[in-house]
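User: I'd like to go through this structure and ask how each label is earned. Can you walk me through it?

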Amino acid sequence: MAAVELEWIPETLYNTAISAVVDNYIRSRRDIRSLPENIQFDVYYKLYQQGRLCQLGSEFCELEVFAKVLRALDKRHLLHHCFQALMDHGVKVASVLAYSFSRRCSYIAESDAAVKEKAIQVGFVLGGFLSDAGWYSDAEKVFLSCLQLCTLHDEMLHWFRAVECCVRLLHVRNGNCKYHLGEETFKLAQTYMDKLSKHGQQANKAALYGELCALLFAKSHYDEAYKWCIEAMKEITAGLPVKVVVDVLRQASKACVVKREFKKAEQLIKHAVYLARDHFGSKHPKYSDTLLDYGFYLLNVDNICQSVAIYQAALDIRQSVFGGKNIHVATAHEDLAYSSYVHQYSSGKFDNALFHAERAIGIITHILPEDHLLLASSKRVKALILEEIAIDCHNKETEQRLLQEAHDLHLSSLQLAKKAFGEFNVQTAKHYGNLGRLYQSMRKFKEAEEMHIKAIQIKEQLLGQEDYEVALSVGHLASLYNYDMNQYENAEKLYLRSIAIGKKLFGEGYSGLEYDYRGLIKLYNSIGNYEKVFEYHNVLSNWNRLRDRQYSVTDALEDVNTSPQSTEEVVQSFLISQNIEGPSC
């Protein structure tokens with residue numbers, strides 16, 4: 001018996017034999033490489049357990065050895081452990097393997113098609129592993145080499161391979177925020193799809209359309225993302241890999257969330273979580289992927305407490321699989337930081353949120369360049385937290401220092417967003433809104449007003465008059481007018497508009513209503529309208545009673561242990577809601 005998932009449970013005699021081989025590693029090194037892949041892996045895992053990372057690194061940096069180890073059954077989680085330990089130790093095994101594979105592809109360019117086909121298959125497995133582990137730049141290098149091999153033969157098999165390669169390449173470029181190159185990759189995939197179509201062949205487009213949906217979502221092109229998620233859902237048929245189905249459901253759910261189609265989003269993400277757990281198990285990275293998107297859904301439907309629990313569960317899985325300095329761990333820290341910030345906003349206890357935000361930034365800056373787009377959101381979250389800590393701080397000097405640090409982080413995030421997306425983008429608008437709130441805390445009221453108005457204008461043009469993001473910025477501008485600029489008439493109109501949007505989207509118990517209600521109470525007190533003060537005190541009391549009852553029973557994880565519908569039923573239900581007849585799964 002060998003290793004299973006993340007636990008080491010070989011039988012005593014087998015373990016003793018593995019230990020004996022490892023004890024004689026120097027003499028046995030050549031013989032070890034001739035062992036069956038499962039046994040060979042167990043020898044390497046024992047090296048890892050004993051902390052012999054230099055010796056392990058010298059093995060894994062050889063392409064032939066690592067390609068064989070990748071074939072070991074049921075070892076992937078443990079392999080991630082070993083691999084991450086080497087990367088943390090300073091062994092650039094990901095870059096070495098990507099370079100070695102690229103060199104091999106250049107050597108075999110003149111070889112026959114069978115040799116190239118074998119290399120492409122090795123590249124798909126190697127690139128897939130690097131992608132799963134979050135080493136996107138190295139995975140991109142591998143997939144580009146595979147694509148180059150595909151272009152050397154203008155025949156049908158290689159067109160299919162090129163499509164598959166483009167899908168994988170698009171995924172890693174999305175993960176690495178290379179959206180412009182991602183768009184080019186999608187167009188290239190379409191050209192190969194067209195070639196196949198002209199010869200009466202069809203490649204399934206579910207994965208490709210799902211990745212395009214992810215790209216458009218990241219760029220905040222929500223209408224387009226929603227359109228392509230529908231196209232991806234149409235392509236879900238019987239025989240598709242479960243991973244593809246899960247990923248399409250995840251992306252479609254996120255697209256529905258930002259379009260405020262919450263019932264559809266709930267059905268899709270709950271089924272994705274169920275499928276991932278059922279197929280991959282509760283310790284698998286793919287399950288953690290679905291949990292992060294489930295947390296995103298819960299946060300957006302105002303089930304904040306449960307979203308924190310789900311994000312924590314996702315982080316626990318990623319830390320157990322990848323360890324510390326890994327990009328997947330960083331993104332989970334960031335998501336947990338933001339949900340914790342929202343959850344503890346009224347209590348003012350931000351220690352946990354700040355810890356996770358700083359961990360995210362620390363990991364990203366260790367791995368990626370200092371101007372990488374992934375830093376924009378992490379810095380934004382930390383800045384939001386620092387601002388709240390500063391507001392509650394009784395030491396003026398500390399308050400000013402924290403506000404200045406938050407200001408620097410917000411400006412850095414804004415510049416990264418503008419560089420990636422331009423001025424007219426939801427992400428850029430969010431950063432303007434964040435700066436508006438910060439300037440209010442810094443008592444720079446005209447600058448704050450300017451930032452809020454800019455955020456509202458961009459969001460309204462992109463998302464419409466009644467979107468959640470618009471309500472958020474409208475409420476912040478109302479607060480500025482009410483508390484600091486004495487523009488009570490304008491503030492009242494904005495509060496009422498924010499409340500109307502919040503109720504329409506989330507119902508009477510929406511958490512964000514508290515701040516608008518309290519703002520109106522203060523406003524009516526200021527202008528002496530005590531009848532309205534009494535009215536909104538009653539409204540706030542009713543709101544508190546609603547909040548006490550809301551989400552008090554349901555456990556979000558228990559809620560997805562079973563699925564009342566099959567995948568086919570989920571897909572058909574979604575497509576019927578779009579007045580579309582879908583394929584049979």
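Analyst: Sure, and keep in mind that this is a predicted model. Let's start with K92, which sits in the loop between α6 (76–89) and α7 (93–107).

User: What makes K92 exposed or buried?

Analyst: K92 has a relative accessible area of 52%. Exposed means over 50%, so K92 counts as exposed.

User: And why is C256 called buried?

Analyst: The cut-off for buried is under 20%. C256 comes out at a relative accessible area of 0%, so buried is the right word.

User: How do you know how many disulfides there are?

Analyst: A disulfide needs two cysteine sulfur atoms within 2.5 Å. For C256, the closest cysteine sulfur is in C229, 5.1 Å away, so that's too far for a bond. For C61, the closest one belongs to C54 at 11 Å, which is also too far. The count by this rule is zero disulfides.

User: Which domains does the chain have?

Analyst: The assignment gives domain 1 (13–198), domain 2 (204–302) and domain 3 (464–546). The centres of domain 1 and domain 2, taken over C-alpha atoms, are 26 Å apart. Eleven residues from domain 1 and 15 residues from domain 2 make up the contact. About 1,300 Å² is buried between domain 1 and domain 2, with 74% of that coming from carbon and sulfur atoms.

User: Why is the pair E183 and K219 called a salt bridge?

Analyst: The rule asks for a Lys or Arg side-chain nitrogen within 4 Å of an Asp or Glu carboxyl oxygen. The side chains of E183 and K219 meet at 2.6 Å, N to O, so the pair passes.

Terms used
Residues numbered from 1 in each chain as written. Predicted model: local features only at pLDDT ≥ 70, side-chain atom pairs only at ≥ 80, totals over all residues. Heavy atoms only, no water. Buried < 20%, exposed > 50% of the residue type's maximum accessible area, 1.4 Å probe, protein only. Helix = DSSP H or I, 4+ residues; strand = E, 2+ residues; numbered from the N terminus. Domains from an automatic or database assignment. Contact = heavy atoms within 4.5 Å. Buried area = accessible area lost by both parts, 1.4 Å probe.
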